[in-house]
Amino acid sequence: METCYIRVAEDENEEPMEIPSEEDGTVLLSSVAAQFPGACGLRYRNPVSQCMRGVRLVEGVLHAPEADWGNLVYVVNYPKDNKRKMDEMDAASAVKIKRGIQKTSDLIVLGLPWKTSEQDLKEYFSTFGEVIMVQVKRDAKTGNSKGFGFVRFTDYETQIKVMSQRHMIDGRWCDCKLPNSKYFMEQAGLDEPMRSRKVFVGRCTEDMTADDLRQFFMQYGEVTDVFIPKPFRAFAFVTFADDQVAQSLCGEDLIIKGTSVHISNAEPKHNNIHHLFSHFPGRSASLAAMFERSQYQYPSSHV
């Protein structure tokens, strides 16, 4: 029998690929796996019953269902574990693509001379690219500069370039950073933006542990905390070191251990929890952390 080609696809609705048969009309599983890594068999929809039927596989050789492969489209079978891993990889890739479309962020400008005005900032940073916004932070009572400000650019490439170097502004060296670094926020006298770095993970299952979630979300960025309420309530909170990572995941449906979970913003009831416990000597940090976790609300669509 001369070589013929059978039509194979990962899904019935996808465009098929032609796979060559052997001289005796059979198809080697290795030929299918060469184009569809991880494949362990084939199936097809019976034209009469409209049910899916498996193709007979003997020692790595696939046999035509009725002595002839016909013009049917054969769908690839994968082991369940492999299929789950592939689904997780596809979901992760989709989020990485989303993150690849970078948006600009406000940059904090540290070390500004007291005399520097917003016009001065705009004129300086306009030499790098189009500026959307500039702001010099001032004392509410005196109107004097606090020595830092913010700037935002139109293009992400410009933002990266500005962050990669120091800047001489009005005779003084200044730094431009993303305002999510604890060190730089402390230097500016600002609270660290914890809210924007924490996400709500809905539709969790009881077999998901904190370690499972930590290992999964580490592929997107550094994870600083994972919290699963007890007793189990089908959701969890994950905190990242970078607020941009957290924001890029919001609105995504990701697959963890074969289950689709939904990621959304975690919004606290109080914006300055640590301040509420500042009068508890020696225990303010631990009390605030406990209270902070308990105060995060979950969206109504978490299940």
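## Burial and overall composition

Of the 303 residues in the protein, 36% are buried, where buried means under 20% relative accessible area with a 1.4 Å probe, protein chains only. This is a predicted model, in which local features need pLDDT of at least 70, side-chain atom pairs count only at pLDDT 80 or more, and totals for chains, interfaces and linings use all residues. Residues are numbered from 1 along each chain as its sequence is written, and side-chain values use heavy atoms, with hydrogens and water left out.

The secondary structure comprises 10 helices and 20 strands; these are DSSP runs numbered from the N terminus, helices being H or I of at least four residues and strands E of at least two.

## A sheet of five strands

One open sheet contains five strands in the order β10-β11-β9-β13-β12, with antiparallel pairing. Two strands pair if DSSP finds at least two bridges between them. Strands β10 (131-138) and β12 (167-169) each have a single partner strand and stand at the edges, so one side of each lacks a neighbour in the sheet. On average, neighbouring strands of this sheet are turned by 30° against each other, direction ignored; axes are lines fitted to C-alpha atoms, for helices over the stretch in contact, and angles run from 0 to 180 degrees between N-to-C directions.

Six bridges join β10 to β11 (residues 145-153) in the antiparallel sense. R138 stands opposite S145 in β11.

## The helix on the sheet

Helix α3 (residues 118-125) packs on this sheet and touches β9 (107-110), β10, β11, β12 and β13 (172-177); contact means heavy atoms within 4.5 Å. The direction of α3 makes about 145° with that of β10.

Key
Buried means under 20% relative accessible area, exposed over 50%, partly exposed in between (1.4 Å probe, protein chains only).
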